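Welcome! Below is a short tour of a few places worth finding in the viewer. Please keep the sequence at hand as you read.

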Amino acid sequence: MADQYAHHGEDKPPTDIPAIRWEEPPEGPVLVLLDQTRLPVEEVELVCTDASALVEAIRTLAVRGAPLLGVAGAYGVALAAARGFDVDEAATALAGARPTAVNLSVGVERARAAYRAALADSTDPQQAAAATLAAARQLHREDAEASVRMARHGLALLDELLPGGGHRVLTHCNTGALVSGGEGTAFAVALEAHRAGQLRRLWVDETRPLLQGARLTAYEAARNGMAYTLLTDNAAGSLFSAGEVDAVLVGADRIAADGSVANKVGTYPLAVLARYHHVPFIVVAPVTTLDPHTPDGASIEVEQRPGYEVTEFSAPQVPVMGAGGGVAVAPLGTQAYNPAFDLTPPELITAIVTEEGVVSPVTAEALADLYARSRQVSGG
Ligand code: MRU
C-alpha cells in the first residue's frame with residue numbers, strides 16, 4: 001500500500017532532497033519516496049508499505065532514474081523480507097516494473113542474493129531480512145560514493161577536452177540527486193564544474209513528454225544556484241548552430257557490451273547534433289549501468305509508454321481533465337509513438353565516464369576491461 005502523508009512548506013524548500021529513505025515506525029518498516037511526479041510544485045512523500053506499492057511508484061515515475069531504480073528495487077526486496085511477504089514474488093514483480101534501466105534488476109538481484117545467502121546460513125527470517133536490508137543500504141552508499149567519483153572524473157575530462165574553461169553544457173532528462181544516493185551522474189559533473197567556477201551555463205532540455213528536464217533538472221539547478229536556461233527539446237539544433245554548446249552530458253539507463261547507450265528519448269538526436277557540430281558527447285553512468293550480457297543496442301528492450309503522455313499535458317500544476325489525468329492537446333483517439341528511451345551507438349559517443357574511470361574511445365574491449373576491473377575491486 002502507498003500513502004501520501006507529508007507536505008513541506010511551499011516557500012521554504014528543504015536543504016536536502018532525500019529521494020528515498022527507509023524508516024521503521026512502530027507499525028513496521030516502510031520505504032519513503034519523494035514523489036517526483038509532484039515536483040517542482042510540491043514536495044510530497046509517498047510511503048510504500050509493500051513491494052506492490054513500490055512497483056506502482058516505479059511505473060508512474062514517482063521514483064525514477066537508473067541508479068535510484070536500483071536502490072529502490074533493493075529496498076523493495078528488503079521490505080518484502082522485513083514484512084514477511086514472498087521475497088521471490090516481490091523481486092520478480094520489482095525487476096519487471098520497467099524494462100530498460102538495468103540497474104533495477106541489478107539492485108533487486110543483489111538484495112535477493114543477500115536474502116538467499118542469509119537463509120542458507122540460518123533459517124531465521126529476521127536475520128535474513130536484516131541481511132537483505134544491509135545489502136540495500138550498502139548499494140545506496142555505494143551509489144553515493146560512485147556519484148562523487150563520477151563527478152571528479154567527468155570534470156577532469158571536461159577540463160581536458162575544453163581547456164579554455166567556462167563550460168557551456170547541454171543536458172537532457174534528469175540525472176541529479178533525484179536519481180541517486182548522491183548527487184547523480186551527468187548532473188553531478190555539471191555541479192562539480194559549477195563548484196569549481198567552471199560552469200558558464202547549463203542548458204536544460206525540457207525533455208518531453210514528461211518534462212524531467214523542466215520539472216526536475218531545472219529544480220535541482222535552481223536549488224544549487226547554477227546558471228541554467230531551459231529550452232524545448234527541438235530548440236537544441238539552433239543552440240548548437242549558434243555555437244552555444246561546448247559539451248553534452250547525459251546519463252544512461254543501460255550500456256550494452258558494444259557501448260550502445262539507452263537513455264531518455266531525445267538523447268540520440270543530441271548525439272547526432274553534437275557529432276555534426278564537433279561537440280563532445282559524454283555519457284556519465286555508474287558501473288551498475290553496464291550490461292555485459294546485452295551484446296548491442298538492438299538487444300535492449302525499449303520501454304513503450306502510454307500514448308496519453310504525448311496526447312495530453314499532465315504536469316502537476318495543470319488541472320485534471322483527460323483520460324490520462326491531463327489536459328488533452330490532440331484530438332481524441334490520436335495514436336501516439338511514445339518510446340521512453342532511444343539508443344545511441346558507440347561511434348557517436350566521445351566518452352563514457354564511470355566511477356572506475358573514463359572509457360574513450362568507446363569500444364567493447366575497453367568496456368569489458370573496465371567492467372572486469374570493477375568486479376575485482378568489488379570482489380564480485
Ligand atoms: O524515464 P526516466 O525518467 O526514469 O528516465 C531517466 C533517464 O533517462 C536518465 O537519463 C537515466 O536514468 C540516467 S539517470 C542518472
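## Helix packing

A crossing of two helices is called left-handed if the near helix is turned anticlockwise from the far one by less than a right angle, and right-handed if it is turned clockwise. By that convention, helices α2 and α3 in this predicted model make a right-handed crossing. Helix α2 covers residues 66-82, and its axis lies 9 Å from that of α3 at an angle of about 155°. Since angles over 145 degrees count as roughly antiparallel, α2 is therefore roughly antiparallel to α3. On the α2 side, the residues that meet α3 are G73, G76, V77, A80 and A81, and their partners in α3 are V87, A90, A91, L94 and A95. Sorted by class, this contact has 8 nonpolar and 2 polar residues, with no charged residues.

Helix α3 (residues 87-95) also packs with helix α1 (residues 51-59), at an angle of about 5° and with the axes 9 Å apart. An angle under 35 degrees counts as roughly parallel, so α1 and α3 are roughly parallel to each other. From α1, the contact uses A51, S52, L54 and V55, while α3 supplies A90, A93 and L94. The classes here are 6 nonpolar, 1 polar and no charged residues.

## The annotated active site

Which residue does the UniProt annotation "active site" cover? In the unreviewed entry, that annotation covers D253. Look for D253 in the loop between β8 (247-250) and β9 (254-256).

Is D253 buried or exposed? With 20 or more neighbours as the cut-off for a buried residue, D253 is buried, because 29 other C-beta atoms lie within 10 Å. Leaving aside residues within four places in sequence, D253 is in contact with A66, T100, A101, A262, N263, T289 and F341.

## The annotated binding site

The unreviewed UniProt entry also has a "binding site" feature, placed at R64, G65, A66, R98, Q212, N263 and K264. Two of the residues that D253 contacts, A66 and N263, are listed in that feature.

A66 belongs to helix α2, and it counts as buried because it has 29 C-beta neighbours inside 10 Å. Beyond four places in sequence, the contacts of A66 are A101, N103, V179, G251, A252, D253 and T289. Q212, which is also in the annotated feature, sits in helix α7 (residues 212-223). Q212 is buried, with 26 other C-beta atoms within 10 Å. With neighbours within four places in sequence set aside, Q212 is in contact with C173, N174, T207, T217 and K264; K264 is also named in the "binding site" feature.

## Backbone points to check

Most residues other than glycine have a negative phi, and most peptide bonds are trans. With that in mind, here are some places to inspect.

Phi of T207 is positive, near 70°, and phi of L211 is positive too, near 60°. T207 is in the loop between β6 (199-205) and α7, and L211 is in the loop between β6 and α7 as well. T207 counts as buried, with 24 C-beta neighbours inside 10 Å. L211 is also buried, with 21 other C-beta atoms within 10 Å. T207 is one of the contacts of Q212 listed above.

Which residues does a cis peptide bond with omega of about 5° join? They are L39 and P40, and P40 is in the loop between β3 (30-34) and β4 (44-48). A cis peptide bond also joins S360 and P361, with omega of about 0°. P361 lies in the loop between β17 (357-359) and α11 (364-378).

## A stop in helix α4

V106 is in helix α4, which spans residues 102-121. V106 is buried, with 24 other C-beta atoms within 10 Å.

How many residues apart in sequence are V106 and P67? They are separated by 39 residues in sequence, and by 9.9 Å in space from C-alpha to C-alpha. Leaving aside its neighbours within four places in sequence, V106 is in contact with G70 and T288.

Definitions and conventions:
Residues are numbered from 1 along each chain as its sequence is written. This is a predicted model: local features need pLDDT of at least 70, side-chain atom pairs count only at pLDDT 80 or more; totals for chains, interfaces and linings use all residues. Axes are lines fitted to C-alpha atoms, for helices over the stretch in contact, and angles run from 0 to 180 degrees between N-to-C directions. Helices (H or I, at least four residues) and strands (E, at least two) are DSSP runs, numbered from the N terminus. Angles under 35 degrees count as roughly parallel, over 145 as roughly antiparallel, 65 to 115 as roughly perpendicular and the rest as oblique. Two residues are in contact if their C-beta atoms, placed from the backbone, lie within 7 Å. Ala, Val, Leu, Ile, Met, Phe, Trp, Tyr, Cys and Pro count as nonpolar, Asp, Glu, Lys and Arg as charged, and the others, Gly among them, as polar. UniProt positions are given in the numbering used here, feature names are shortened, and annotations may be inferred rather than shown by experiment. A residue is buried if 20 or more other C-beta atoms lie within 10 Å of its own, exposed if 12 or fewer, and partly exposed in between; C-beta atoms are placed from the backbone.
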